[in-house]
Amino acid sequence: MGLKAGASTHDPDQLLNIRTSLLDHKVYTIDGASTTEIDDGLAVEVVEREDGSESYRYWIHIADADRFAPRDSGIFQVARDRATSLYLPQGSIPMLPGQ
């Protein structure tokens, strides 16, 4: 789902009403083979111009992690404090605890 132009909200339930479905996109993950969180992707759309020529629209897909954690929950606070998952040579530190 993508936000419609001009949308601004942080309430996950309200987001469902203002998002545009992108389920028809063929999305390719850009996450590495060793990642535990497949949450980023890329899609390409061929767009026909008025003159009949084609151009390309590139879509960047980034997961909305806070959609799955209520803002007043402990998991949300931990994820907010961590801000991102870290992938290090000796292991990883996930953004969401318990993974």
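Is Val46 buried, partly exposed or exposed? Val46 is partly exposed, because its relative accessible area of 48% falls between the limits of under 20% for buried and over 50% for exposed. The views below come from a predicted model.

**View 1. Strands 3, 4 and 5 form an open sheet.** The three strands are arranged in the order 3-4-5, and their pairing is antiparallel. Strand 3 (28–29) and strand 5 stand at the edges with a single partner strand each, so one side of each has no neighbour in the sheet.

**View 2. Strand 4 and strand 5 are joined by nine bridges.** These two strands run antiparallel. Val46 belongs to strand 4, and its bridge partner in strand 5 is Tyr56.

**View 3. A nonpolar patch of about 860 Å² lies on the surface.** The patch is made by Ile30, Leu42, Val44, Val46, Tyr56, Tyr58, Ile60 and Ile62. Two or more of these residues come from strand 4 (40–48), and likewise from strand 5 (54–62). The greatest contribution is that of strand 5, with four residues. Both Val46 and Tyr56 are members of the patch, and they are also bridge partners.

**View 4. Ser73 is located in the loop between strand 5 and helix 2 (74–82).** Ser73 counts as buried because its relative accessibility is 16%, and the cut-off for this class is under 20%. A polar atom of the Ser73 side chain lies 3.2 Å from the backbone nitrogen of Phe76.

How values were computed: Residues numbered from 1 in each chain as written. Predicted model: local features only at pLDDT ≥ 70, side-chain atom pairs only at ≥ 80, totals over all residues. Heavy atoms only, no water. Patch = residues over 30% accessible without salt bridge, like charges linked within 9 Å, V, L, I, M, F, W, Y side chains within 5 Å. Areas by Shrake-Rupley, 256 points an atom, 1.4 Å probe, with all protein chains shown as cover. Salt bridge = Lys/Arg side-chain N within 4 Å of Asp/Glu carboxyl O. Buried < 20%, exposed > 50% of the residue type's maximum accessible area, 1.4 Å probe, protein only. Polar contact = N/O pair within 3.5 Å; in protein donor to acceptor, adjacent residues only side chain to side chain. Pairing = 2+ DSSP bridges.
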